[in-house]
Number of protein chains: 4
Amino acid sequence: MTSRTGRHFLHIPGPSPVPERVLRAMDRQVIDHRGPEFGVLGREVLEGCRTIFRTEGPVVIYPGSGTGAWEATIVNTLSSGDRVLMFETGHFATLWRQMAARWGIEVEFVPGDWRHGVDPALVEAKLAEDRGHSFKAVMVVHNETSTGVTSRIPAIRKAIDAAGHPALLLVDTISSLGSVDYRHDEWGVDVTVSGSQKGLMLPPGLGFTAISDKARAAGKSNNLPRSYWDWEEMLKPNATGYFPYTPATNLLYGLREAVAMMLEEGLDNVFARHQRLAAATRAAVEAWGLEVLCQNPDEYSPVLTAVMMPEGKGADAFRAVVLEKFDMSLGAGLSKLSDKIFRIGHLGETNDLTLMGALSGVEMGLAAAGVPHQRGGVLAAMASLRAGLDG
Amino acid sequence: MTSRTGRHFLHIPGPSPVPERVLRAMDRQVIDHRGPEFGVLGREVLEGCRTIFRTEGPVVIYPGSGTGAWEATIVNTLSSGDRVLMFETGHFATLWRQMAARWGIEVEFVPGDWRHGVDPALVEAKLAEDRGHSFKAVMVVHNETSTGVTSRIPAIRKAIDAAGHPALLLVDTISSLGSVDYRHDEWGVDVTVSGSQKGLMLPPGLGFTAISDKARAAGKSNNLPRSYWDWEEMLKPNATGYFPYTPATNLLYGLREAVAMMLEEGLDNVFARHQRLAAATRAAVEAWGLEVLCQNPDEYSPVLTAVMMPEGKGADAFRAVVLEKFDMSLGAGLSKLSDKIFRIGHLGETNDLTLMGALSGVEMGLAAAGVPHQRGGVLAAMASLRAGLDG
Amino acid sequence: MTSRTGRHFLHIPGPSPVPERVLRAMDRQVIDHRGPEFGVLGREVLEGCRTIFRTEGPVVIYPGSGTGAWEATIVNTLSSGDRVLMFETGHFATLWRQMAARWGIEVEFVPGDWRHGVDPALVEAKLAEDRGHSFKAVMVVHNETSTGVTSRIPAIRKAIDAAGHPALLLVDTISSLGSVDYRHDEWGVDVTVSGSQKGLMLPPGLGFTAISDKARAAGKSNNLPRSYWDWEEMLKPNATGYFPYTPATNLLYGLREAVAMMLEEGLDNVFARHQRLAAATRAAVEAWGLEVLCQNPDEYSPVLTAVMMPEGKGADAFRAVVLEKFDMSLGAGLSKLSDKIFRIGHLGETNDLTLMGALSGVEMGLAAAGVPHQRGGVLAAMASLRAGLDG
Amino acid sequence: MTSRTGRHFLHIPGPSPVPERVLRAMDRQVIDHRGPEFGVLGREVLEGCRTIFRTEGPVVIYPGSGTGAWEATIVNTLSSGDRVLMFETGHFATLWRQMAARWGIEVEFVPGDWRHGVDPALVEAKLAEDRGHSFKAVMVVHNETSTGVTSRIPAIRKAIDAAGHPALLLVDTISSLGSVDYRHDEWGVDVTVSGSQKGLMLPPGLGFTAISDKARAAGKSNNLPRSYWDWEEMLKPNATGYFPYTPATNLLYGLREAVAMMLEEGLDNVFARHQRLAAATRAAVEAWGLEVLCQNPDEYSPVLTAVMMPEGKGADAFRAVVLEKFDMSLGAGLSKLSDKIFRIGHLGETNDLTLMGALSGVEMGLAAAGVPHQRGGVLAAMASLRAGLDG
């Protein structure tokens, strides 16, 4: 029997549930994108982005997806034939590498096991070897949405500095921004890439790049063709709150509201909440006798938890049972993890009881799908949450 | 720490959560209540009500609350000085009695312990004694929202018939309609009173009365003054889908959508879902070592479960902890049950995972508030839900 | 050909168009009407009502229509057999009189021609004659929605005082409140009746009564039965922002937003805007060579303008043409004015260009329906609006 | 005095007003873009696009603006160094040319006076001269949003065929699709570019390209780098209703609803309505004694009308008066037309009375800003509308 009344539990690692307030803010007539009211909106959202990215520099907002912001980063900073250093942390790192290759970038792609983040020591070693400074950029996925592993950007920054290497640091925060502590300026990131539909609690449709002076300078002399994504074309009208082509006005309404909500809660509280929900989820996984994909506790993702299926049990059949019986969407394993893991999103507009509903659905789903496990994951999760509350 | 991001868990026994589809249907410009488009709307919702009340007769829709529909029932059928038979099933039966008294009705109020529904045998006995047929009506609350006890209307109907008594049967279904199987015509009810904000999944603001021929005939000769609530004034324009005074148009938009949703799910499926959620809730209560207020399993409410606090522990302090720490609203004990019970609503737009979130909140709240209990209520609830799914 | 794309022009004299902001404010989950968040909402809307009614005393908000608030006024202040003084200003005065009669009130109903408001001199004369003070109340419709005539309440108050008569002054402001300057305390009104769906820019579903001390005192000793409408039952929980039975929460969300919008614009600006739109409408009517129903310029309604059809032309056929061809709803003539007039609403969420769209629709409709008229009403209206802007 | 209550009149030539139904359809929780429910949505909107573009071939939907779809068209069909033929019809043709240049395309840009569309005879002449078939594409803006001139695509197609030239025909319909009759397949267009925020009545945020077999084949061998915009990457998952990266789900909800609305009205009725509103607007302009920018009646735009200011009067000051006094946004003159013209949008969710409100605002604004003109444009517009209705 299917229960389709009531709220769908959307627990993929993004798009994440959109708050009622944000949906309602978007449910408003579009306005003249050249008129004075728009200028106020534009300045507010651009300023709001700087607060969230923790930067004094410019943040460019594109009508587009996070994938578009990846492309914007490449075409605005690199030249065909440039060498870059990337790390195989999972599916999305692989996709970004493929994109770079399509733009004629030569990628040194350090192999990985999809269970660890970028090793700062390896970054330092690779860069130290590169005496001729042939690497123009180090490109890192902050939170690997495909694995639930969060790389440690400050340590990577330190590694680059330790190697005395001038490479740009380009970081994909598509699934981390707004969920995990992140500091564009303080951490010396050159381009931070993000999207609207994860920690920012918006529907998909906006891509972002935060840009350091060094990144912008790189764009003055690189040779990749560009028009839509061109930073300079954006930054001119952005100065007064406008855009060079028609912006996605209603998503900007939503962005204004989402930023307001995040600041009302307090960014530190937002991050702590994600940590608490993630810890409870891992407690449940452990109690079920299942294994978290991420192997380094320092790299556990606060955004999602990827769970390994017991040998011989397909993750997709399990997810189908959960969707059918409990009206919950879980994330699938991607490419080489296909059918081997499922992913539980616990990001954005999520709180304790919503998470408990989701974990209950997982536990009931394991039973319904005949997946061997220990009962009581939900009890462990509740104990973890309560410990977190008291802490 | 309080978590205020994410969805509030509204688990009082009404108002119940309003589906996104219903809210969106209401979020529409008002129309001319005398124009042709309104006539179509009016006929649709009046027909929809007949389907939900399971009657071929008229259902009157008032701008007002369920309390208003109580008053409408009294003033349209009774006369000052009339005797009626009522039963003390809880707080709402008591309030309806007080209202009747304010209208000059003489109420025989059979005492009760607030843990049982109306005893059909007692109905039969009381009516059999009343040889002169002085009782003009038997007034029963179908689902006592204050106690979580559902009286058995078909058995009460049989009792009246067995006594050969001509009294009207007036039934309050404010918190049962749309959640519990109910059949106005088949069960020989004369007036069924209801409201919008419970099983119908609407915001509060509409009251309903379904009317038998016998009830309508009684209104032709009774003497209570009335204007706003007068059935005859309503029924004339209702014939073509209109109302004698300005109707609550946007709530009618919502009513149209809510009825459509209920029929899409299928009324029988709706009722079965409520039974399943209620059984899971009671399983949790039992596992916690707490006691359900309702003592007769044949009268367990599918709408809400009232839970008795252990001796010496206040329910209101517990509820405050749950609201503060887990952003969930539970129902309070009313009048003589004040601070002695809490009530868990599991009605309307509610599904398995939402219920599990709620029960997790109760279990964590019991711990947080220092209420003695056994852990594992959520496990019992999950077992119950899964058994229900397989059944 | 019918054009059904685009915005319907709702120019009946209420329900009036609901602002996007108000609809969006209502499109929100219902909350626990016994919880702390509700208390804040309740206090805000009750305070907001006092500001709009311009009273320091209580305003009671009912789930119900304005008709319900009429009934509340009668049952809370009068006794069966009481004499009251009313004036036949139009359809709604007649309906209120009928309601009073149903409650056993003896109404002296001073005849009128439906083209004038209440004559203050007549009030004074009638009350002066009533040496025994048999009239318990003077009941006046402030703005007759059926005729577009606004009676002068301050002059009526003076007339009562000049006669030295103790009668209560009960005023229906259902279609004037929020559109026309109105001062409950300053004008010495005892009960002000209103509704949500006109100047307050809300959907229908709320009724209001503002209550003087004298009115409340009258309720302590009157004899009409009541429960739902009882003021004292309301005022007790209202003191902390709560209600004795389930309030229409989502309409209260809307009320909070609507009051905020009115105060942002400034009440005086709101009233001036209505005056300006009404003047432009009358200028158009005059230019068309048609006649405004209201004959006393001091009593022109800022809310609606009733227009007399030329002899031999039916208003309803004309209105049907306007609805069919131009997707605009105009108000019909009621009872004895049926088919003889049409009414143009220009209240609430209405501005200059919306009014011009509406008047263009009337002018095109007159032509399309073959109603004799002079072209150019819209030019006269524009001249009037521009004069108003410059003024 | 400013009137800010009531509906803003958005009469720029896009973004156009979004229907209440479309906004409400978008105001819904996001769903899993990999789940079965999304697949149904994806197939529906892709099929809907084919109906609107009138093609049997693929239509690609991008998260992005129309400008992005311009870029997609270039990078998927052309190679650096390719020659293309373009025509200076106005600001947007000029922008598209600049974009092509940024991608290394050699543009032959035939000068124009911004008051005419593309001359089919000139197309034929230019192509006939090009014996070596060096032009890889003819790139035409269907409806020049900056001038209100609509080029005649079928005649241009014929011209290309008459010249026996194999160039691709690439057409920008950003501001015409959904407002003007358009037939991708029948007219032999190779790529049709469009956007969401004009005739499709959606907020901005989606770009579209409809693709002929020939265009797709061209993309197999061209050399421009691309990833985000790559057609082949899109078309693979589109086959089952999915997308290669996160789509703008909520805009797709809106697209589904907008297509449904257009088909309910009937595309031919939609186009006829635009023609009728445009004719009425031109009638008003003529009556005011002002001049329509477009000089060829066969090329009058049904979407917008650009109006020339009298010598010595600035358009922007006039527009500011209209915005300030009448809360209406009109379009500005762009680049070389800056301050010389204003543009009246009459597209999408617009009907007769809304247009009349807008034209009244223009007429009052002309007076308020001291722009010499004849009164009575609104009368001429009404006469035109009525003639259109009767026709």
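The exercises below concern a predicted model.

**Exercise 1.** Find what rotation and what shift superpose chain C on chain A.

*Solution.* Two copies of a chain are related by a rotation about an axis and a shift along it. Here the rotation is 180 degrees and the shift along its axis is 0.0 Å, with an RMSD of 0.0 Å. The two copies are therefore related as by a two-fold rotation axis. In chain C, the C-alpha nearest this axis belongs to C:Arg24 and lies 3.2 Å from it. As to the surface used, 100% of the contact residues of chain C recur in chain A, so that the same surface serves both copies.

**Exercise 2.** State how many residues of chain C are in contact with chain A, and of what kinds they are.

*Solution.* Contact means that C-beta atoms, placed from the backbone, lie within 7 Å. By this rule, five residues of chain C are in contact with five residues of chain A. On the side of chain C that touches chain A, four residues are charged, one is polar and none is nonpolar.

**Exercise 3.** Decide whether helix α3 of chain C is largely enclosed or not.

*Solution.* Helix α3 of chain C covers residues 66-77, which is twelve residues. From its first C-alpha to its last it reaches 17 Å, close to the 16 Å expected at 1.5 Å a residue. A residue is buried if 20 or more other C-beta atoms lie within 10 Å of its own. The buried residues of α3(C) include C:Gly66, C:Trp70, C:Glu71 and C:Thr77. Twelve of the twelve residues are buried, so α3(C) is largely enclosed by the rest of the structure.

Key:
Residues numbered from 1 in each chain as written. Chains lettered and ligands numbered in written order. Predicted model: local features only at pLDDT ≥ 70, side-chain atom pairs only at ≥ 80, totals over all residues. Least-squares fit on C-alpha atoms with pLDDT ≥ 70 in both. Contact = placed C-beta atoms within 7 Å. Helix = DSSP H or I, 4+ residues; strand = E, 2+ residues; numbered from the N terminus. Expected span 1.5 Å × (residues − 1). Nonpolar A, V, L, I, M, F, W, Y, C, P; charged D, E, K, R; others polar.
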